[in-house]
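Hi everyone, thanks for having me today. I'd like to walk you through one protein model, step by step, so please have a look at it with me.

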Amino acid sequence: MNDGAGKLNQGWTYCDRVHSGTAGQSVLDFYTCYYPHSSQEIWRQRIEAGLVRLDDRITRADAPLVAGQALSYHRPPWREPAVPGDWSILYEDAALVVVAKPAGLPVLPGGGFLEHTLWALVGRKYADKPAPIHRLGRGTSGIVVFARSAQARRQLAADMRQGRLRKTYRALASGTSMADEFVIQEAIGRVAHPQLGYVYAAVPKGKDARTECRVL
């Protein structure tokens, strides 16, 4: 496990822009609706404590929102869950870094993780702060590709979209009647989760996804 498991992180400010669909709502209604991982009463306490700002000013829970306004919630420093520390670099050059991610280590911030992420760990090693081209779930081990420049990021992202760069998953399954080969075509997007904030799963309004499965 990582050495910083018991330390407080630096906290984080979450920013939102009010659009026409949310204009007219109160500040409290906005946060309760869009961030349901916390109850309405908890959001009210945060607003009254001055942790939420509207156009960079302390606001009220019942303040009405106008399109174009900026909302920000400053989450105070917190202790993040412990994560594995045994990630390793498989390949690097001037354009990219290829990293082996262990199960239990999230790639990106979210769900209580900010500094205990693969992105943050890789960023501490490289001054150019490489950016991940794709993600793997926290519980999945595997290879993650990072780009070291804007040009590399654009090219690798295009390779992902156009199928020149692909992800292959291997999983253990039992007690199923699956065919030896099949295709899953379900849109994937964010789904609210009571502990993690959100997870990615099949949702009607998600992004198009195609998964080709073959039993080994």
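I'll talk about the sheet, then the cysteines, and then the salt bridges. Please keep in mind that this is a predicted model.

Let's begin with the sheet. Strands of a sheet pair through backbone hydrogen bonds, and they can do that in a parallel or an antiparallel way. Here we have an open sheet of 4 strands, in the order E1-E4-E2-E3, and the pairing is antiparallel. Which strands stand at the edges? They are E1, residues 12-17, and E3, residues 57-58. Each has a single partner strand, so one side of each is left without a neighbour in the sheet.

For E1, we can look at its pairing with E4, residues 70-75: the two run antiparallel and are joined by 6 bridges. If you'd like one pair to find on your screen, take Arg17, whose bridge partner in E4 is Ala70. Packing on this sheet is helix H1, residues 27-34, which touches E1, E2 and E4. The direction of H1 makes about 65° with that of E4.

Now the cysteines. A disulfide is a covalent bond between the sulfur atoms of two cysteines. How many disulfides does the structure hold? The count is 0. Why is Cys15 not bonded to Cys33? The sulfur of Cys33 is the closest cysteine sulfur to that of Cys15, but it is 19 Å away, and that is too far for a bond. A disulfide would need the two sulfur atoms within 2.5 Å. As for their surroundings, Cys15 is exposed, at 62% relative accessible area, while Cys33 is partly exposed, at 47%.

Last topic: salt bridges, of which the structure holds 7. One of them joins the side chains of Glu41 and Arg44, with 3.8 Å from N to O. Both residues sit in helix H2, residues 40-48, and they are 3 residues apart, about one turn of the helix. Glu41 is partly exposed, with 45% relative accessible area, and Arg44 is partly exposed too, with 29%.

Another salt bridge links Asp159 and Arg164, at 2.8 Å from N to O. Are these two buried or exposed? Asp159 is buried, at 14% relative accessible area, whereas Arg164 is exposed, at 52%. Asp62 and Arg60 also meet in a salt bridge, at 2.9 Å, and Asp62 is exposed, at 53%. Finally, Arg166, Arg210 and Glu212 are linked in a network of salt bridges.

That's my tour, thank you for listening!

How values were computed. Residues numbered from 1 in each chain as written. Predicted model: local features only at pLDDT ≥ 70, side-chain atom pairs only at ≥ 80, totals over all residues. Heavy atoms only, no water. Buried < 20%, exposed > 50% of the residue type's maximum accessible area, 1.4 Å probe, protein only. Pairing = 2+ DSSP bridges. Contact = heavy atoms within 4.5 Å. Axes fitted to C-alpha atoms, helices over the stretch in contact; angles between N-to-C directions. Salt bridge = Lys/Arg side-chain N within 4 Å of Asp/Glu carboxyl O.
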